Amino acid sequence: MTLKWFVKKFNGLTTTQLHDIYQLRAKTFVAEQARHYQDPDDTDFDARHIFAYDDDKLVAYARIYEHDGLVTFGRITTDSRYRGTGLGKQLMNHVMAILKVHYATATIEIDAQTQVQKFYEKFGLTTQGEPFTDLGAEVIKMQAPARALVLV
C-alpha cells in the first residue's frame, strides 16, 4: 500500500477528487450503513478535506469544520477493502495533527457512532452524556480540548 495524503479546502479539490469523495461517502454511509441524510451537504464548502489515495483509488476520507462555535470532524471512512489494515488509525492521526495545529485553542466535539466510541477514546476524546439516535444511528457526544488530543 503506497498512500498519498491530501488536505484541501473545497475550492482546491479537483472534480475527480470531489467525485471520488462523494462515491466513497455514499458507499460507506448510504450503501453499507443505510443512513439517510443529505450528502453532499453545504458543510463541504467550509471544511478541510483530509483524504488518501492508494495509486488512483481513494481509500480514506474525513472532514474538519467549525459548527456553532465548536470544531468538529466527521464523515470518517476507509474503503471496506482496506479496513483492518491500520488505515483508519493513520487517517485519525492526520485529523488529530491538523486539529492540534490549526485549532490548538478550540474545543473539539463530535457525534460519534457508538460502535466506534472506544476507537475515538484512544485519541483523547471523552464521552459526554448518554447515547441518542441521530439520522438512524446510535451516537454519543464526545469532546476534548484540541491540546488534549493524542496521536496513536
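These are short questions and replies about how terms apply to a predicted model.

The model is predicted, so local features need pLDDT of at least 70, side-chain atom pairs count only at pLDDT 80 or more, and totals for chains, interfaces and linings use all residues. Residues are numbered from 1 along each chain as its sequence is written, and side-chain values use heavy atoms, with hydrogens and water left out.

Me: What makes strand 2 mostly covered?
Reply: Buried means under 20% relative accessible area, exposed over 50%, and partly exposed in between, with a 1.4 Å probe and protein chains only. In strand 2 (residues 48–54), 7 of 7 residues are buried. Both faces are covered: Arg48, Ile50, Ala52 and Asp54 lie on one side, and His49, Phe51 and Tyr53 on the other.

Me: Why is residues 3–9 called a strand?
Reply: Strands are DSSP runs of E with at least two residues, helices are runs of H or I with at least four, and both are numbered from the N terminus. Residues 3–9 are strand 1.

Me: How do you know that strand 1 and strand 2 pair?
Reply: Two strands pair if DSSP finds at least two bridges between them. Strand 1 and strand 2 have 7 bridges and are antiparallel, so they pair. In one of these bridges, Lys8 is the partner of His49.

Me: What joins strand 2 to strand 3?
Reply: 7 bridges join strand 2 to strand 3 (residues 57–67), and the two run antiparallel. Ile50 has Ala62 as its bridge partner in strand 3.

Me: How do you know that the radius of gyration agrees with a compact globule?
Reply: The radius is taken over C-alpha atoms, and the globule rule is 2.2 Å times the number of residues to the power 0.38. For 152 residues a compact globule would have a value near 15 Å, and the protein has 15 Å, so the two agree.
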